[in-house]
Number of protein chains: 2
Amino acid sequence: MSLRHALLALLEAGAMTGYELAKWFDQSVAYVWNAQHSQIYTELRKLEREGLVEARTLPRGEKALATKRAYTLTRAGAKELQRWVGEVEQPPPLRDTAYVKATYLEYGSFSEARAQFRAHRAHYEALRDQFEAHVDELERGATALLRRRLERAPEEGHQAIIAYKVHAYRGLVARARTEIAWAERGLELVDRLADAAPAGDAAIRPPSGEAFEI
Amino acid sequence: MSLRHALLALLEAGAMTGYELAKWFDQSVAYVWNAQHSQIYTELRKLEREGLVEARTLPRGEKALATKRAYTLTRAGAKELQRWVGEVEQPPPLRDTAYVKATYLEYGSFSEARAQFRAHRAHYEALRDQFEAHVDELERGATALLRRRLERAPEEGHQAIIAYKVHAYRGLVARARTEIAWAERGLELVDRLADAAPAGDAAIRPPSGEAFEI
DNA sequence: GTGTGCATGTAACTTGTTACATGATTGT
DNA sequence: ACAATCATGTAACAAGTTACATGCACAC
């Protein structure tokens with residue numbers, strides 16, 4: 001349920017159409033919370049029904065044959081945003097495909113195990129680079145959304161606004177590094193197991209699927 | 001879609017009823033993939049319809065007024081398990097409530113920000129301890145499920161079976177430590193921001209929710 | 001005129017959550 | 001008798017994914 005609050009937070013930076021919102025979303029919170037634009041439109045309508053945002057229908061283009069809807073935070077929406085920031089949520093249970101597979105790698109061959117760890121490393125290397133680039137941008141105040149936020153906030157608050165975001169993305173960099181290191185130790189492990197194994201590429205014989213009694 | 005494969009992997013250790021499966025599940029894969037028992041029963045029926053598992057109805061107790069259903073892997077199920085282990089999946093997009101909130105902490109007070117980081121730290125400290133305990137158990141070969149697996153596997157494979165699991169849980173320990181360190185740096189950051197702030201507990205004025213033009 | 005971007009959605013489906021519902025068996 | 005544990009589900013809902021669908025505006 002972070003989507004609605006991410007949208008409220010984005011709207012605090014100023015009125016936007018769903019389309020603009022989706023664009024900003026992709027360039028900021030999408031790093032930590034993914035959503036399709038179709039879901040964003042749906043959620044905006046829901047927020048509107050609940051009175052957390054308000055929409056004004058505006059003309060599009062000169063001839064105005066079409067319209068767009070610009071959303072703003074209502075007072076109730078701003079209150080909800082604040083409530084959410086103060087609320088300590090209990091983190092959802094861990095759910096990670098890569099780790100469940102990692103615990104069952106013995107059902108595959110050594111080369112398959114290596115492929116898994118290499119893919120894991122490559123994935124988090126790419127993320128690390130993205131996060132690092134984003135930290136740089138934030139520190140230079142170079143992201144358009146951040147500038148928009150800063151314009152509306154009093155000078156004294158600027159440091160905190162930037163610092164919190166930088167801290168979050170640095171945390172993601174640290175996390176990515178941890179995953180890369182884990183994948184590398186995984187590759188070393190596979191090498192050791194392959195050396196110790198009698199012969200062939202398999203750690204154990206493949207699962208049989210034969211029936212047996214309990 | 002890891003639930004089905006986790007169930008297949010558990011069944012590779014021997015035939016089980018849904019109830020037993022749910023119990024083993026809670027003691028092993030639940031660390032990395034949560035599921036309610038109701039979902040497990042549903043998924044088992046689905047796997048049965050798809051021919052990946054087979055069920056035999058067995059009597060319960062002496063009078064046998066009730067029955068239970070014991071599931072076994074079919075050949076197709078074993079094949080699917082192997083296919084899955086070899087398959088390199090693309091990791092689902094990141095989704096972390098704590099981090100989206102962390103990027104918007106300026107909407108709350110410093111004490112709220114501290115509470116968030118303290119909760120984060122406490123959560124991952126507890127997880128770290130659980131994961132460490134689990135690594136210990138695995139290394140001592142002390143978990144019942146692992147023993148069941150080892151009984152059915154050839155001697156040469158034992159090392160790999162244990163090593164992969166230990167590696168996965170050590171990775172989770174490392175991850176938990178990274179989160180703890182991040183929370184601690186977060187607390188330091190809040191202290192610095194609070195020192196630098198003019199007065200009061202708030203980083204910026206609360207969001208107004210007043211309408212404005214675009 | 002044509003492609004790119006702006007703009008907004010619906011529908012069907014999958015996955016997962018929460019709550020409810022029931023009853024037998026076993027040990028004390 | 002009673003509690004704990006074994007045992008199996010259904011129903012309603014919420015959240016998220018994927019595919020589809022439409023059409024204007026603007027610049028080249």
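Accessible areas come from the Shrake-Rupley method with a 1.4 Å probe, and for residues only the protein chains shown count as cover. This is a predicted model: local features need pLDDT of at least 70, side-chain atom pairs count only at pLDDT 80 or more, and totals for chains, interfaces and linings use all residues. Residues are numbered from 1 along each chain as its sequence is written, chains are lettered from A and ligands numbered from 1 in the order written, and side-chain values use heavy atoms, without hydrogens or water.

Q: What share of the accessible surface of chain A belongs to carbon and sulfur atoms?
A: Start with the total, which is about 10,400 Å² for chain A. The part of it that belongs to carbon and sulfur is 49%.

Q: In what order do the elements of chain A run from the N terminus on?
A: Chain A has eight helices and three strands (DSSP runs numbered from the N terminus: helices are H or I with at least four residues, strands E with at least two). Read from the N terminus on, the order is α-β-α-α-β-β-α-α-α-α-α.

Q: How many Å does helix α6 of chain A reach from its first C-alpha to its last?
A: Helix α6(A) covers residues 110-139, so its 30 residues give an expected span of 44 Å (1.5 Å times one less than the number of residues). The reach in the model is close to that, at 43 Å.

Q: Which helices of chain B do the buried residues of α6(A) pack against?
A: The buried residues (under 20% relative accessible area; over 50% is exposed, in between is partly exposed; 1.4 Å probe, protein chains only) of α6(A) include A:F110, A:F117, A:Y124 and A:L138. In chain A, their partners are α2, α5, α7 and α8. Over in chain B, they pack against α4 (75-86) and α8 (158-196).

Q: Which residue just after α6(A) takes a positive phi?
A: Look just past the end of α6(A). The phi there is about 65°, and the residue is A:G141.

Q: Is A:H167 buried or exposed?
A: A:H167 sits in helix α8 of chain A. Leaving out residues up to four places away in sequence, A:H167 touches (heavy atoms within 4.5 Å) B:F117, B:W182, B:R185, B:G186 and B:L189. Its relative accessible area is 9%, so A:H167 counts as buried.

Q: How many Å separate the C-alpha atoms of B:A126 and B:I204?
A: B:A126 lies in helix α6 of chain B, and with a relative accessible area of 38% B:A126 is partly exposed. B:I204 is 78 residues away along the chain. Between the two C-alpha atoms, the separation is 33 Å.
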